[in-house]
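Me: Could you take me through one part of this protein slowly, starting from a single residue and working outwards? I am in my first year, so please link each step to the next.

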Amino acid sequence: MSTPVDLKPVAKPAAGGRVADVAGLGIGRAVGFVLPALALIGLFLVFPALWTLYIGITDYQLTGPAAANPQVIGLDNFLAALNDGLFRNSLWLTVLFVLGSAVIGQNLLGFGLAYLLRGAPPWLRRLTESLVLLAWILPSTVVAFLWIAVLDRDGGTLNLLLANEGTAWLVQYPLISIILFNTWRGTAFSMLLYSSALAAVPPSQLETAKLVGANGWQTVRDVVFPHIRGHVLTNTLLISLWTANDFTPFLLTAGGPNHASETLPVFIYRQALEGGQLGYASAISLLLLLANLLVAGLYLRLLRRRA
């Protein structure tokens with residue numbers, strides 16, 4: 001009986017104990033292949049981050065003497081942010097916005113649609129997916145205008161349907177309004193990801209669960225979720241980061257009324273361009289970046305633990 005032969009390339013030790021170049025590219029050519037990508041990363045990611053860090057430790061302003069000659073003030077901007085009630089309010093609103101519209105809203109609605117559409121007729125599945133995707137691909141300004149038309153106090157579609165004229169939804173319930181808006185708009189990504197993940201669940205296990213009398217929740221918990229746990233973590237990571245940095249709610253409420261829907265991206269915008277405090281806004285941007293990195297690190301740790 002013949003012994004199987006391993007056909008994978010093996011790195012042979014070169015002179016001096018070094019590992020030979022298996023692909024035969026050489027260091028110069030290998031660096032040449034990755035150099036364009038490294039240049040783009042440095043130009044569009046590393047340099048802006050370093051520049052924002054520099055501005056964040058200065059008193060740089062949009063106009064005035066500090067715009068022409070900014071002075072380094074160290075950590076004053078960061079300390080001022082931590083003592084700023086409006087910043088803490090925006091941070092708390094951002095947490096609620098992410099939990100409500102991404103972690104809970106988009107996750108549950110996206111999974112629910114993907115799970116229910118598995119056994120739906122092809123025409124119904126295509127129609128539903130097209131409508132959900134339409135909300136995702138439409139320009140933000142168009143979508144915001146549609147929602148303002150729905151939630152408007154005078155003649156809004158929702159008030160007409162409820163026969164409840166006079167309710168200013170965007171003024172009386174601003175945070176709930178932007179959470180529902182973002183859930184509706186961003187569900188498409190979760191639906192597509194979960195549709196792909198559910199296709200990998202063995203049908204035999206689903207049939208077995210049905211035969212033993214498991215209900216829908218038990219099937220999802222004991223059969224479906226163990227197979228798609230990694231997809232759930234990946235999806236939650238992505239939509240959480242996107243939502244935390246989303247500026248679209250500004251088009252609906254502009255952060256109002258009285259800062260009631262002013263998430264961190266909106267707060268940064270108003271501090272930088274309306275208040276002219278570019279140094280202060282940059283410091284807050286760095287704090288938001290650090291928060292994003294902490295969240296990403298937590299999810300990645302959970303993914304590694306799963307592996």
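**One residue and its surroundings**

Reply: Let's begin with threonine 219, which counts as buried because its relative accessibility is 9%, and the cut-off for buried is under 20%. Before going on, please keep in mind that this is a predicted model.

Where does threonine 219 sit? You will find this threonine in helix α11, which covers residues 216-244. Now look for its partners beyond the neighbours within four places in sequence: threonine 219 is in contact with Tyr115, Leu206, Ala209, Ala214 and Val224.

Two of those names, Tyr115 and Val224, lead us to the next step. Both are listed among the residues with the most contacts inside the largest nonpolar core. That core has 20 residues, and the rest of its best-connected members are Phe111, Tyr194, Leu198, Val201 and Ile228. Which helices build it? At least two residues of this core come from each of α4, α9, α10 (203-211) and α11. The biggest contribution is that of α11, which gives seven residues. The helix that holds our threonine is thus also the one that gives the most to the core. A general idea is useful here: in soluble globular proteins, nonpolar side chains tend to be buried together.

To see how the core is knitted together, pick out tyrosine 194. Not counting residues up to four places away in sequence, this tyrosine touches Asn107, Gly110, Phe111 and Ala114, and also His231, Val232 and Asn235. Apart from this core lies another one, of 13 residues, including Val143, Leu151, Trp169 and Leu175.

Next, follow α4 and α9 to another helix. The buried residues of α5 pack against α4 (85-116), α9 (174-198) and also α6 (140-151). Helix α5 runs from residue 122 to residue 137, so to speak a rod of 16 residues. From its first C-alpha to its last, α5 reaches 22 Å, close to the 22 Å expected at 1.5 Å a residue. Which residues of α5 are buried? They are Thr128, Val132 and Ala135. Seen down the axis of α5, its buried residues fall within an arc of 50°, so they line one face of the helix. The general pattern behind this is that an α-helix has 3.6 residues a turn, so residues three or four places apart point the same way.

What does the face turned away from the buried side of α5 carry? There you find the exposed residues Trp123, Arg126 and Ile137. Arginine 126 counts as exposed because its relative accessibility is 52%, and the cut-off for exposed is over 50%. Leucine 134, also in helix α5, counts as partly exposed at 41%. It is fun to compare distances from these two. Leucine 134 and arginine 185 are 51 residues apart in sequence, with 8.8 Å between their C-alpha atoms. Arginine 126 and asparagine 182 are 56 residues apart in sequence, with 22 Å from C-alpha to C-alpha.

Let's return to α11, as this helix also helps to line the largest pocket. At least two lining residues come from each of α4, α11 and α14 (278-306). The pocket holds about 290 Å³ of space. Its lining has 15 residues, and those nearest the centre are Thr94, Val95, Val98, Ala244 and Val295.

Further along the chain, past α11, comes a loop between α12 (250-253) and α13, and proline 257 is in this loop. The peptide bond from glycine 256 to proline 257 is cis, with omega near -5°. Asparagine 258 lies in that loop too, and this asparagine has a positive phi of about 55° although it is not a glycine. At 72% relative accessibility, asparagine 258 counts as exposed.

Then comes helix α13 (residues 264-274), where the buried residues are Leu264, Pro265, Val266, Phe267, Ile268, Gln271 and Ala272. Just after α13, glycine 276 takes a positive phi of about 75°.

To retrace the path: threonine 219 is buried, it touches Tyr115 and Val224 among others, and those two rank among the best-connected residues of the 20-residue core.

Note on methods: Residues numbered from 1 in each chain as written. Predicted model: local features only at pLDDT ≥ 70, side-chain atom pairs only at ≥ 80, totals over all residues. Heavy atoms only, no water. Helix = DSSP H or I, 4+ residues; strand = E, 2+ residues; numbered from the N terminus. Expected span 1.5 Å × (residues − 1). Buried < 20%, exposed > 50% of the residue type's maximum accessible area, 1.4 Å probe, protein only. Arc of directions from axis to C-beta. Contact = heavy atoms within 4.5 Å. Core = buried A, V, L, I, M, F, W, Y, C linked by side-chain atoms within 4.5 Å. 1 Å grid on protein atoms, 1.4 Å probe; cavity = no way out; pocket = protein on both sides within 12 Å on 5 of 7 lines; lining within 4 Å. Points joined across faces, edges and corners; volume = space filled by probe spheres on them.
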